[in-house]
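Biologist: Hi! I have just opened this one and could use a friendly tour. Can you show me the structure?

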Amino acid sequence: MLYAVAAAALGHAQVRPQQGPVVRSVSFEGNHEIDDAVLRRAISTSQSSWFARSSLVRWLGLGEKRYLREMEFRRDVLRLMALYRQSGFTEAVVDTVVRREDDAVRIRFLVDEGEPVRVDTIVVTGHERILPTSTLMDGLPLQVGAPFNRLLLLASADTIRARLANSGYPFTEVFRNFDIDREQRKGRVHFEVDPGSVTRVGDIEITGLDGVDEHVVRRALTLEPGELYRERELYRSQLELYRTDLFSYVSVIPRDSLVPDAADSVVDVRVRLAEAPRHRVRLGGGYGTIDCFRAQASYTLLNFLGGGRSLQLQGRTSKIGAGEPLDFGLQNSICGALAEEEAAGRLKLNYNLTASFVQPHVIVRQSRVNVTLFAERYTEYRAYLREAIGGDFGVGYDVTPRLPISLSYGLSYGSTQAELTTFCAYLNVCNAEDAAFFAERRRRATLTFSVLREHRNSVLNPTRGSRIAGELVWASPLIGSDTLVQFTKGSVEFSAYRSLTTGGVLGVRMKLGTVLPTAYGAEEQEYVPSEDRFYAGGANSVRGYGHNELGPKVYVQEIVSDTTSQNGEPVVTADTTTRWSPTGANNLLLVNLEYRFPLPGVSRRISVAAFVDGGRLSGGSGVGSSFRVTPGIGVRLGSPLGPIRLDIGFNPYPAEEYPLLEYNDDRTELIEVGTFTPERDFFSRWRLHLSVGQPF
């Protein structure tokens, strides 16, 4: 309510006079309990935009100029004093200092807040037969010991009314009484509750259906006839119906106005619906430095075979223009990051074809079953290429709308082609014939449990809230997996966001992961498939490193030949090149801290970010990396798909030393020839990342 009053005052200030001095700045001094942002919204006088007040650029004549209105300025003093009195500071005094310069002014409000009247006691009566006092008073906006804020007094009364309304008493009235002892600076509050009659849900009328069965709607509703009438269940039912994707409009409201007329009332509910189109087609495309050009398409059929079921067919592909069979040579130009993949024989078109079927409301409303079939080929940059066909069967359950859990069984048949260098460093298997054993097609069976707690205000660009995600994957011959594909892998990720009074957003993320390998062979050597190890570095990880550049790796030295012409005769010259491959690791620690803030005087769609990323990979392949911390800055440009992000990270560390291998003459075996530490100059310490969406 305080912000609504302040917004109204600002709205009144938008009528700009034709003359008067330009307001260069408005500042506050002496305010401690109420910050500058709230005070600015409570007054009519406002400072000009950054372009119109900054001495660096105001000579350009750009930006909006706001002028001083003497009468409104005098009233602003009264507005601030009224705001402080409403907030419990009954003796607050506000003075002003105005510095005039040519046709402009700089204004400073001097605030002496004084000692506030504080809440001494809060008493609630009339509710005893419905809710315990501790439950009703827990977390009220107005608390004992806090300044006696009358706006928070109103909010507390509304909170009490809402809690009783959600306990079956929608006709509750809350009467506010208070007494202020100015000498003792104490305030005593008494909320007297008249709960009215207990109310239950009567008939539920559903209108607007055409192709969707009525029982689908009733199963999605969180309230039933005969239950206690709770106002929050109207909103939850509306949300659940929207989540089915079957409706473009949903309204869940009482059929008639709520008027108590009996000791035991009944409220009928009306559900109004407008069905969404059953067929949906989506097309998309883009470009990425390690994906080259990519495209995707999907077709969704809602209410498939009735019952609210859905069927989705989806296809995605990447490396268009660089991967076989759509190789146009772009790996030698705009997709140059893929040149290393060509040298490793992994430059093939990535694809994923998926058919997904979802059956909602199985046994109980909060549950669902999904079945997925897929065929795919995908590449982990510089690490491996995976080809597989398979499927998943999963069961999901919503503990709350923002706390879903799921259990799924996946079975696939495919192969993973990693570089010989990886097996040589990871398993001491340095012969191509022996390493081919690990690239054979095998069954992969997994049992996956996942949980997600989502409390962010936006998925694409969160500014407040938090998110916790956890996953546990188990692969074993006991559930059908090959003996060489067995492990236990777990990960947990936490992220939180907070909006600051400066207009910026502070975000933090921490991710932990570990995989427990299973020994194989007579020597009981531990092995984790390449696709199940952890990799780090890149746009969404530690931005001071390139993609998959952080952590254990191995270097391979190769001799390449180049044919040149000398005096008309071809001459073959040999050159030595060294490339690297990440081996992955069994343990991951990732920490990110980022502060995003808008630029003054620039469109709200543009913001700047300062970040610090830290990460470590260890275990599973010899020497792991130390914990590395890399700072950086970035720019964000808002778009319908999420922020377009350009980040540059700085790596302050010297390059790490790792094993150096070399192929024999017929390229069938690798031989370790020592160690290698790449040279790193000032410019090679910077990493530039262009992507869409926030990093976390």
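**A first walk through the model**

Modeller: Happy to. At 36% relative accessibility, Glu 64 counts as partly exposed. Please keep in mind that this is a predicted model.

Biologist: Thanks. What does Glu 64 form a salt bridge with?

Modeller: With Arg 66; the closest N and O atoms of the two are 3.4 Å apart. Arg 66 has a relative accessible area of 30%, so this residue is partly exposed too.

Biologist: How many salt bridges turn up in the whole structure?

Modeller: The search finds 44.

Biologist: Let's pick another. Which residue does Glu 656 meet in a salt bridge?

Modeller: Its partner is Arg 628, at 3.1 Å from N to O. This pair links distant parts of the chain, 28 residues apart. Glu 656 sits in the loop between β27 (644-650) and β28 (658-663), while Arg 628 belongs to strand β26 (residues 628-637).

Biologist: Are Glu 656 and Arg 628 buried or exposed?

Modeller: Both of them are buried.

Biologist: And Asp 647, what does that one pair with?

Modeller: Asp 647 forms a salt bridge with Arg 636, and here the closest N and O atoms are 2.5 Å apart. Because Asp 647 lies in strand β27 and Arg 636 in strand β26, the pair ties together parts that are 11 residues apart in sequence. Asp 647 and Arg 636 are both buried.

Biologist: Which residues join into one network through salt bridges that share partners?

Modeller: Asp 647 and Arg 636 are in it, along with Arg 543, Glu 594, Arg 596, Asp 613 and Arg 645.

Biologist: New topic. How many residues are in the largest nonpolar core?

Modeller: It has 36 residues. Those with the most contacts inside the core are Phe 423, Leu 427, Phe 438, Tyr 527 and Leu 670. At least two core residues come from each of α10 (420-427), β18 (465-475), β22 (553-566), β24 (587-598) and β28.

Biologist: Which element gives the most to this core?

Modeller: That would be α10, with 5 residues.

Biologist: I clicked on Phe 374. Where is its place?

Modeller: Phe 374 is in strand β14 (residues 367-380). Its relative accessible area is 17%, which means it counts as buried, the limit being under 20%.

Biologist: What does Phe 374 touch, not counting residues up to four places away in sequence?

Modeller: Its contacts are Leu 353, Thr 354, Ala 388, Ile 389, Gly 390, Gly 391, Asp 392 and Ser 412.

Biologist: And how many Å apart in space are Phe 374 and Ser 333?

Modeller: From C-alpha to C-alpha they are 32 Å apart, with their positions 41 residues apart in sequence.

Biologist: Now for the empty spaces. How many cavities of 30 Å³ or more are there?

Modeller: The count comes to 3. The largest cavity holds about 140 Å³ of space, and its lining is made of 17 residues. Arg 386, Thr 416, Phe 438, Val 485 and Glu 531 are the lining residues nearest its centre. You met Phe 438 a moment ago among the core residues with the most contacts.

Biologist: Which element supplies the largest share of that lining?

Modeller: β16 does, with 4 residues. Both β16 (403-418) and β17 (442-454) supply at least two residues of the lining. By residue kind, the lining of the largest cavity divides into 7 nonpolar, 4 polar and 6 charged.

Biologist: What about the second largest pocket, how much space lies in that?

Modeller: About 1,400 Å³. The second largest pocket is lined by 43 residues, and Thr 502, Gly 503, Pro 598, Leu 599 and Arg 604 lie nearest its centre. The elements giving two or more residues to its lining are α2 (36-42), α3 (50-53), β24, β25 (606-618) and β26. This lining divides into 15 nonpolar, 20 polar and 8 charged residues.

Biologist: Let's zoom out. How many helices and strands does the protein have?

Modeller: There are 11 helices and 30 strands. The C-alpha atoms fill a box of roughly 100 × 75 × 45 Å along the principal axes.

Biologist: And what share of the residues count as buried?

Modeller: Of the 696 residues of the protein, 42% do. As for contacts with a separation of 6 or more, 62% of them are between residues 24 or more positions apart.

How values were computed:
Residues are numbered from 1 along each chain as its sequence is written. This is a predicted model: local features need pLDDT of at least 70, side-chain atom pairs count only at pLDDT 80 or more; totals for chains, interfaces and linings use all residues. Side-chain values use heavy atoms; hydrogens and water are left out. A salt bridge is a side-chain nitrogen of Lys or Arg within 4 Å of a carboxyl oxygen of Asp or Glu. Buried means under 20% relative accessible area, exposed over 50%, partly exposed in between (1.4 Å probe, protein chains only). A nonpolar core is a set of buried Ala, Val, Leu, Ile, Met, Phe, Trp, Tyr and Cys residues joined through side-chain atoms within 4.5 Å. Contact means heavy atoms within 4.5 Å. On a 1 Å grid over the protein atoms alone, a cavity is a set of points where a 1.4 Å probe fits but cannot get out, and a pocket is an open set with protein on both sides within 12 Å along at least five of seven lines; lining residues have an atom within 4 Å of a point. Grid points are joined across faces, edges and corners, and a volume is the space filled by probe spheres set on the points. Ala, Val, Leu, Ile, Met, Phe, Trp, Tyr, Cys and Pro count as nonpolar, Asp, Glu, Lys and Arg as charged, and the others, Gly among them, as polar.
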